[in-house]
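I opened the file today to look up a few places in the fold. My notes follow in the order in which I checked things.

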Amino acid sequence: MKPIMPQENIFAFDQLPYTALEGAISAQTLSFHHGKHLKTYVDNMNKMLPDSGLQGLSLQDVVRQSTGALRNNAGQVLNHVMYFEQFCTGGRSMSSKMESLLVRDFGSVEAFKTEFEQKGTSLFGSGWVWLSVDENGRLVITQEKDAANPVQKGLSPLLTFDVWEHAYYLDFQNRRADYLKAMWAVVDWNVVESRL
Ligand code: MN
């Protein structure tokens, strides 16, 4: 995955209007999630970066090397940038190469989705469920608490669903499992595979 630079305009959302994912996620949820929650993480990160000694590094390296409040905010910036980038109206289907990788490591695409949803649903509290590549090139699903990102474990992240309540509560209330199931319809697998 290419390094992402922590620049001021990182939360620009020009490619995806807030109505783009309706049917899965409402414009109201996206406007709060992107325009308020992510903006706050970006603003906090940009306040702390100049005194951190980590300015000029990629977002991934800032997340790997920082601690405390900077790591929490930079982690949430990286998580959300990857989350918002990977969706498009109506979704885009996966290639046969991606399908064969999922079949190799999970048995079937359906088995992969079931495990991904189950791990998203069973994550206690706030966090993220991720599909990543490990150091041996195998696909793995991990649960990451709060602002954590798989890069902190040496994994290479591909796909994520946000399971903080702010990601789904306006649309699905407490039904996290329904939110996770709905999100498959808007995944842009071209973007996911570009991270391989
Ligand atoms: Mn979020």
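**Entry 1: a strand residue**

In which strand does Ser132 lie? I found Ser132 in strand β1, which spans residues 127–133. I note here that I am reading a predicted model. Ser132 has 0% relative accessibility, so I put it down as buried. Leaving out residues up to four places away in sequence, I listed what Ser132 touches: Arg138, Leu139, Val140, Pro150, Leu155, Ser156, Pro157 and Leu158. I also looked up Arg195, which is 63 residues from Ser132 in sequence, with 9.5 Å between the two C-alpha atoms.

**Entry 2: the metal site**

Which protein atoms are donors to the manganese ion? I wrote down NE2 of His33, NE2 of His80, OD of Asp162 and NE2 of His166, at 1.9 to 2.1 Å from the ion. Along the chain I read the spacing of these donors as H-x46-H-x81-D-x3-H. His33 sits in helix α1 (residues 27–48) and His166 in the loop between β3 and α6, so this pair, 133 residues apart, links distant parts of the chain. I checked burial for both, and His33 and His166 are each buried.

**Entry 3: helix α4**

I took α4 (residues 96–106) next and found Met98, Leu101, Leu102, Asp105 and Phe106 buried. Why do they lie on the same side of α4? Around the axis they cover an arc of only 100°, and this puts them on the same side of the helix. Residues three or four places apart in an α-helix point the same way, because there are 3.6 residues a turn. Ser96 and Lys97 are exposed, on the other side of α4. The cover over the buried residues of α4 includes α5, β1, β2, β3 and α8 (189–194). After α4 comes Gly107, and I noted its positive phi, near 100°.

**Entry 4: helix α7 and its neighbour α5**

For α7 (residues 176–183) I listed Arg176, Tyr179, Leu180 and Met183 as the buried residues. They line one face of the helix, because they fall within an arc of 95° when α7 is seen down its axis. Among the elements that cover them are α3 (68–85), α5 (109–122), β3 (156–162) and α6 (169–172).

How do the axes of α5 and α7 cross? I read a crossing angle of roughly 145°, with the axes coming within 9 Å. The crossing of α5 and α7 is right-handed. On the α5 side the contact is made by Glu117, Gly120 and Thr121, and on the α7 side by Arg176, Ala177, Leu180 and Lys181. I sorted the residues of this contact into three charged, two polar and two nonpolar.

**Entry 5: positive phi outside glycine**

Last, I checked backbone angles in two loops. Asp146 is not a glycine, yet its phi is positive, at about 55°. I placed Asp146 in the loop between β2 (139–145) and β3. Is Asp146 buried or partly exposed? Its relative accessible area is 38%, so I entered Asp146 as partly exposed.

Gln173, another residue other than glycine, has a positive phi near 50°. Gln173 lies in the loop between α6 and α7. I entered Gln173 as partly exposed because its relative accessibility is 34%.

How values were computed
Residues are numbered from 1 along each chain as its sequence is written. This is a predicted model: local features need pLDDT of at least 70, side-chain atom pairs count only at pLDDT 80 or more; totals for chains, interfaces and linings use all residues. Side-chain values use heavy atoms; hydrogens and water are left out. Buried means under 20% relative accessible area, exposed over 50%, partly exposed in between (1.4 Å probe, protein chains only). Helices (H or I, at least four residues) and strands (E, at least two) are DSSP runs, numbered from the N terminus. The arc is that of the directions from the helix axis to the C-beta atoms. Contact means heavy atoms within 4.5 Å. Axes are lines fitted to C-alpha atoms, for helices over the stretch in contact, and angles run from 0 to 180 degrees between N-to-C directions. A crossing is left-handed if the near helix is turned anticlockwise from the far one by less than a right angle, and right-handed if clockwise. Ala, Val, Leu, Ile, Met, Phe, Trp, Tyr, Cys and Pro count as nonpolar, Asp, Glu, Lys and Arg as charged, and the others, Gly among them, as polar. Donors are N, O and S atoms within 2.8 Å of the metal (3.2 Å for Na, K and Ca); water is not among the atoms, so sites may look incomplete.
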